[in-house]
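Here are a few exercises to work through with the model open. Try each one yourself before reading on.

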Amino acid sequence: MCLGVSSQAMLWKTLQTEPSTKFLHVHPVVNHVLWWVSVALMVVVSITYLLKIVFYFEAVRREFHHPVRVNFFFAPWIACLFLVKGLPHPVWEIHHAVWYVLMAPILCLDLKIYGQWMSSGERRLSKVANPSNHLAVVGNFVGALLGARMGLRELPIFFFAVGLAHYGVLFVTLYQRLPTNVQLPKELHPVFFLFVAAPSVASMAWTRISGEFNNGAKLLYFVSLFLYVSLVVRVNLFRGFRFSLAWWAYTFPMTSVALATVLYASEVDNVLTRSLAVGLSGIAVVTVTGVLATTMYHAFVRKDLFPNDVSIAITRRRPKFSKILAHLRSSGSDVKELVLSIPNFSSNSKQGAYSDDAGSNSRMSSSVGESPVAH
């Protein structure tokens, strides 16, 4: 959600400032409103997750060891980079220390995640590759984009190089879909749109690094545009499942393609490129508005925003908190059987590196009935 809304603030600022969209006469107040909404949303989500860390640390630990959810640990820092980039005032007024602070966690996560992809047994890329891994790459490109915009030189090129190298490996791995991979659950199909995000943001980053939308930026942009169209025409891949927060995966990639198209239209200025920039920007705005309205409806009217978020993963590592262990000891025999069967469950899960929350919950429910361990 933070990525989708903060990238919208960045989009409207770009529509206001770029020569190719000057004819739209976008008022600066739109960027101001969206930016403050993004900040408010970021604060609310951050406080909520901090409370989750305090009161449900075991769930957070399991998320960090989950092959899909671990990639979303990059999201807060990417959203903050977008907030700085979409700031209503000129970005060069921001001190360079802000960029270093935001990129330090991304570098630490890069060392952790990329190291696992390369050398870890059950967590190597050929085992856990899924479209959400693109978030682990996009952070490097967004950091390079903002760093180059702030006047930095060497470190933005460093992060761009690291992101580009791992994007190439990830792209080939996801296209191959090795037999060791398991297909994503249907509810997570919207994350396939993350295929579009990396090359589109990379094209913008290289534009800022090189100072112009040159052939290198065009190559990356055309790849993102082709992937965008190839996903849009595959209607059956994105229908037949109910609403979930995974739908927000549509918003950020669509906005990033629209942003890259606006920059491309400023370089290749004609009626076709302007029309494409306005059209893709309109689609991105409508998508974000629709998903936001649907989210509010499910959150406050139907109150079923988190239907599958009961359990997220089963790992070999036992819980470390004494209260959890005491609760397990005091539970019935069915709970004890679940604890003893965790290693067997983990060994069986080698055949499928990840599963959706609903599947995981149903397996636990079948073993323990109404046991509170599932919660």
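**Exercise 1. Decide whether Tyr56 is buried or exposed, then place it in its surroundings.**

Start with the accessible area: this is a predicted model, and in it Tyr56 has a relative accessible area of 53%. The cut-off for exposed is over 50%, so Tyr56 counts as exposed. Next, find it along the chain: Tyr56 sits in the loop between α2 (28-55) and α3 (57-64). Finally, look at its company. Together with Val43, Ile47, Leu51, Val54 and Phe55, Tyr56 makes a nonpolar surface patch of about 650 Å².

**Exercise 2. Work out whether Glu18, another loop residue, is buried or exposed, and list what it touches.**

Glu18 lies in the loop between α1 (2-17) and α2. Its relative accessible area is 13%. Buried means under 20%, so Glu18 goes down as buried. Now skip the neighbours within four places in sequence: Glu18 is then in contact with Arg208, Val262, Leu263 and Ser266.

**Exercise 3. Count the disulfides, and explain what rules out a bond for Cys2.**

The test is two cysteine sulfur atoms within 2.5 Å. For Cys2, the closest cysteine sulfur belongs to Cys80, and at 8.3 Å that is too far for a bond. Try it from the other end: the nearest cysteine sulfur to Cys80 is that of Cys2, again 8.3 Å away, and Cys80 is in no disulfide. The count for the model comes to 0. While you're there, check the cover on Cys2: with 14% relative accessibility, it counts as buried.

**Exercise 4. Sum up the whole chain: what is its secondary structure, and how much of it is buried?**

Secondary structure goes quickly: 15 helices and 0 strands. Of the 375 residues, 48% count as buried. For the contacts, take those with a separation of 6 or more; residues 24 or more positions apart account for 79% of them. The accessible surface comes to about 18,000 Å², and carbon and sulfur atoms own 66% of that.

**Exercise 5. Find out which stretches have pLDDT under 50.**

Begin with the average: the chain has a mean pLDDT of 81, and 79% of the residues score at least 70. Then go for the weak spots. Over residues 310-316 the pLDDT is below 50, although this stretch has 29 contacts in the model beyond near neighbours in sequence. Residues 331-375 also stay under 50, with 65 contacts beyond four places in sequence. What to do with such contacts? Where pLDDT is low, the predicted coordinates shouldn't be read in detail.

Conventions. Residues numbered from 1 in each chain as written. Predicted model: local features only at pLDDT ≥ 70, side-chain atom pairs only at ≥ 80, totals over all residues. Heavy atoms only, no water. Helix = DSSP H or I, 4+ residues; strand = E, 2+ residues; numbered from the N terminus. Buried < 20%, exposed > 50% of the residue type's maximum accessible area, 1.4 Å probe, protein only. Contact = heavy atoms within 4.5 Å. Areas by Shrake-Rupley, 256 points an atom, 1.4 Å probe, with all protein chains shown as cover. Patch = residues over 30% accessible without salt bridge, like charges linked within 9 Å, V, L, I, M, F, W, Y side chains within 5 Å. Salt bridge = Lys/Arg side-chain N within 4 Å of Asp/Glu carboxyl O. pLDDT = per-residue confidence, 0-100.
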